[in-house]
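Hi everyone, thanks for making time for this. I'd like to walk you through one structure, so let's get it up on the screen.

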Amino acid sequence: MEALIASYGDESSESDSEPATPCQPPPSSTPPTPEFTPLPPPPVSLLIPPNSFGGLDFSPGEQSGRVRTFPHIEGNYALHVFIPVYIPSTPKKELALFLKKLSRLVPGLYVVDVDIPLDIITKDDNKLEQVALGREFHISLGRTVPIRVHQIDSVVAMLRQKLQFQRRYWIDFSKWEVFLNDDRTRTFLSMEVTTTGLAEITKQIQAVNEVYKLHNLPEFYKDPRPHISVAWASGDINHSLRSAVQEERRGMVGASLHKCIFTSKFGGIECRIGNKEYKICKVLDK
């Protein structure tokens, strides 16, 4: 054995031994001239991902746990049919102020979709408007349900057939409302459509229901209440959130108490299946 070891050198592994010192070039009195002129560093903006929120003191691990609406099953894709909505710039200041006051009364609120704690972004008015109010919102026209891959083409084709041409109309978001999901694991702060636009949205929901029914998918609520949600909280805090909303609304000037929160123009219907989005209708101007 000793002869065998001697023939291979020391029995310790390469990782345990000291690495060989590479040969160093002889010292020179003048530094070598680089072959290329080094480029300046890139702008800081390029180093921040587009979905990043800059200086917010928040990491995803801090967010409250969410409960899946349905379990993940290989080969299933989440289907969501909706109207995209953007809040105009004019009402954002007033809405931001309302959310700031509400976050002080109700702890544990999160911004919908991005899931950032509301009380963090209320420290910066610009961030509050940008993150909580400056993105795309959705009026759901059907339940978010799982479908199989072989159903995708059929669902999209039928939705387009039923909703192919839609006339443009105005949508008034006229009421702050609180909603719970079906299993009461999440509470939502929302703005509801109760007047202008309600009839048109209701007809579109009925068309989506027909497509769902043909694919044995659960239909939408019997008495739909179209809305967009801006914040959520874990669990059932319906009573405390509703009381806080009413308290803040009472504190507003009487003239603004009954006015429309904001108005948006209908701009189309989209369908998201998994990570892919489909345009469903062509919008016609009256």
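**A walk from helix 7 to the two histidines**

Let's start with helix 7, where Ile201, Gln204, Ile205, Ala207, Val208, Asn209, Val211 and Tyr212 are buried. Before I go further, keep in mind that what you're looking at is a predicted model.

So what covers those buried residues of helix 7? The cover includes strand 1, strand 3, strand 4, helix 6, strand 5 and strand 6. As for the helix itself, helix 7 runs over residues 198-214, which is 17 residues. From its first C-alpha to its last it reaches 25 Å, close to the 24 Å expected at 1.5 Å a residue. After helix 7 comes asparagine 216, and its phi is positive, near 55 degrees.

Now the core. The largest nonpolar core has 63 residues, and Leu79, Trp176 and Met191 are the ones with the most contacts inside it. Which element gives the most to this core? That's helix 7, with six residues. If you click on leucine 79, you'll find contacts further along the chain, including Val145, Ile147, Val155, Leu217 and Ile273. Tyr212, one of the buried residues of helix 7, is also in contact with leucine 79.

Next, the hairpin. Strand 7, residues 175-180, and strand 8, residues 186-192, run antiparallel, and six bridges join them. Leucine 180 stands opposite threonine 187 in strand 8. There are five residues between the strands of this hairpin, and arginine 184 takes a positive phi there, near 60 degrees.

Okay, on to the histidines. In an unreviewed entry, UniProt lists His138 and His227 under "active site". They're spread over 90 residues of sequence, but they cluster in space, with a largest C-alpha distance of 7.9 Å.

Let's take them in turn. Histidine 138 is found in strand 3. Is histidine 138 buried or exposed? Its relative accessible area is 17%, and the cut-off for buried is under 20%, so histidine 138 counts as buried. Its side chain makes a polar contact of 2.8 Å with the side chain of glutamate 136. Leaving aside neighbours within four places in sequence, histidine 138 is in contact with His80, Phe82, Ile83, Pro84, His227, Ile228 and Arg272. Notice the other listed histidine, His227, among them.

Histidine 227 lies in strand 9, residues 227-234. Its relative accessibility is 23%, so histidine 227 counts as partly exposed. A polar atom of the histidine 227 side chain lies 2.7 Å from the backbone oxygen of arginine 225. Outside its neighbours up to four places away in sequence, histidine 227 touches His138, Ile139, Ser140, Phe179, Ser190, Met191 and Glu192. We met Met191 a moment ago, as one of the residues with the most contacts inside the core.

Last stop: serine 229, which is also found in strand 9. Serine 229 is at 15% relative accessibility, so it counts as buried. Which residue's side chain does serine 229 make a polar contact with? That's serine 190, and the side chains are joined at 2.8 Å. Serine 229 has further contacts too, including Val112, Arg135, Phe137, Phe188 and Leu189. And remember that histidine 227 touches Ser190 as well.

That's my tour, so feel free to spin the model around and ask away.

Notes:
Residues numbered from 1 in each chain as written. Predicted model: local features only at pLDDT ≥ 70, side-chain atom pairs only at ≥ 80, totals over all residues. Heavy atoms only, no water. Pairing = 2+ DSSP bridges. Helix = DSSP H or I, 4+ residues; strand = E, 2+ residues; numbered from the N terminus. Expected span 1.5 Å × (residues − 1). Buried < 20%, exposed > 50% of the residue type's maximum accessible area, 1.4 Å probe, protein only. Contact = heavy atoms within 4.5 Å. UniProt positions renumbered as here; feature names shortened; annotations may be inferred. Polar contact = N/O pair within 3.5 Å; in protein donor to acceptor, adjacent residues only side chain to side chain. Core = buried A, V, L, I, M, F, W, Y, C linked by side-chain atoms within 4.5 Å.
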